[in-house]
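Hi,

Here is the structure I promised to pass on. Have a look at it first, then read my notes below.

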Amino acid sequence: MKTELLTATEAGLARAAWLLQQGELVGIPTETVYGLAADAQNEAAVKAIFVAKGRPQDNPLIVHICEEAQLGTLVREIPQAARQLAKAYWPGPLTMIFKKAACIPDAVSAGLDTVAVRLPSHPIARELIRLSGCPLAAPSANRSGVPSPTTAVRVMEDMDGRIAAVVDGGMCDVGVESTVVDMTKTPPRLLRPGGVTPAMLRDVVGEIAVDEAVVRPLKESEVAASPGMKYKHYAPNARVVLLKGTQEDYIAYVNAHAANGVGALCFEEDVPQLAAPCVVYGKRSDAATQAAGLFDALRRLDERGITLAYAVCPSEEELSLAVYNRLLRAAGFEVITLA
Ligand code: TXA
Ligand code: MG
């Protein structure tokens with residue numbers, strides 16, 4: 001299959017919408033990361049997503065809508081707290097989990113009785129949902145296990161020849177995937193941190209619970225609240241080790257361990273003092289730049305021939321919690337605490 005690279009013009013979007021209606025897979029920009037979209041109510045198309053990504057069958061997909069009114073057709077019940085969160089943060093990087101309606105194919109929900117729904121803010125994503133006339137099931141548009149793509153070029157790297165088309169919408173704004181909150185639980189339970197931060201959620205609904213898997217690995221016996229949490233994720237080929245400590249400790253450790261193939265996954269401010277090849281993922285006290293830069297930086301480690309990367313640890317608060325969560329998984333939870 002030849003994968004078409006479509007521009008975000010009227011003609012390009014019309015072509016993409018037509019392909020989606022035919023049950024084809026199309027890479028689409030969203031404000032978080034690129035998604036690999038298919039008609040959510042076409043079971044064969046949804047199954048093809050799993051094949052194209054090499055995604056485990058038990059990891060459910062998010063259904064994307066373009067207006068809140070569509071939610072009622074996809075779910076059995078909309079709790080009051082969900083209405084409040086939708087009012088505050090939709091359209092935007094927030095995914096909510098509901099009890100699913102019968103029209104959601106099992107392939108979307110991976111056999112669960114729930115469905116994840118998101119109303120993205122990206123104008124191209126919304127226009128494609130509108131033009132195609134169908135809610136779109138879309139996981140991140142990477143091959144399973146590797147960092148999510150934040151540009152159309154990165155989608156092409158993973159998906160060229162495997163899907164019908166990619167719509168080029170430039171760089172994603174947020175850079176990490178949406179916040180996932182389970183609204184079937186009281187209080188609502190944060191399963192994946194993202195652009196809508198814990199404080200933003202608490203502002204609207206008061207109390208939330210934070211799933212333990214956000215910042216630690218699941219034990220063998222545990223059932224994942226969010227099946228996506230089980231798998232090694234966001235990992236480049238390079239081994240990533242996360243270093244916790246002060247900036248001075250980080251620089252001293254990396255410089256003491258500099259060797260062939262060793263690199264630093266660091267902040268811009270660290271570069272002048274580091275004696276190893278540097279891949280920058282953001283600015284030290286600017287979480288938005290870290291979120292926007294992380295996934296591309298992880299891919300650049302491999303391109304730079306780095307086989308062991310010492311990553312500087314972001315703060316664990318608010319938007320940085322999302323960055324920390326992704327880095328922990330990229331590192332396979334390999335963390336060194338510097339004294
Ligand atoms: O920002 C995003 O959310 C992007 C863009 C494309 O919208 N999508 C995305 O999808 O990150 P994906 O498939 O890479 O991640 C979806 C996460 C997975 O961890 C999955 O296990 C979880 O959401 N999930 C989906 N449906 C669920 C459900 N019914 N119950 C629990 N977790 C669910
Ligand atoms: Mg993903």
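Start with isoleucine 97: its opposite number in strand E9 is aspartate 182. Keep in mind as you look that this is a predicted model.

That pair belongs to a longer contact, since E5 (residues 94-99) and E9 (residues 179-182) run parallel to each other and are joined by 4 bridges. What about strand E6, and in which sense does E5 pair with it? Here the pairing is antiparallel, with 5 bridges between E5 and E6 (residues 114-118). One place to spot it is methionine 96, whose bridge partner in E6 is valine 117.

Is E5 mostly covered or mostly open? It is mostly covered, with 5 of its 6 residues buried.

Now for the pocket. The largest one holds about 780 Å³ of space. It is lined by 50 residues, and the closest to its centre are Arg55, Asn59, Pro60, Arg192 and Ser226. E5, E6 and E9 turn up again here, as they are among the elements that give two or more residues to this lining. Strand E4 (62-64), helix H5 (106-109), strand E10 (189-192) and helix H11 (318-330) are on that list too. Which element gives the most? That would be E6, with 4 residues.

If you colour the lining of the largest pocket by class, you should get 21 nonpolar, 19 polar and 10 charged residues.

Cheers

Note on methods: Residues numbered from 1 in each chain as written. Chains lettered and ligands numbered in written order. Predicted model: local features only at pLDDT ≥ 70, side-chain atom pairs only at ≥ 80, totals over all residues. Heavy atoms only, no water. Buried < 20%, exposed > 50% of the residue type's maximum accessible area, 1.4 Å probe, protein only. Pairing = 2+ DSSP bridges. 1 Å grid on protein atoms, 1.4 Å probe; cavity = no way out; pocket = protein on both sides within 12 Å on 5 of 7 lines; lining within 4 Å. Points joined across faces, edges and corners; volume = space filled by probe spheres on them. Nonpolar A, V, L, I, M, F, W, Y, C, P; charged D, E, K, R; others polar.
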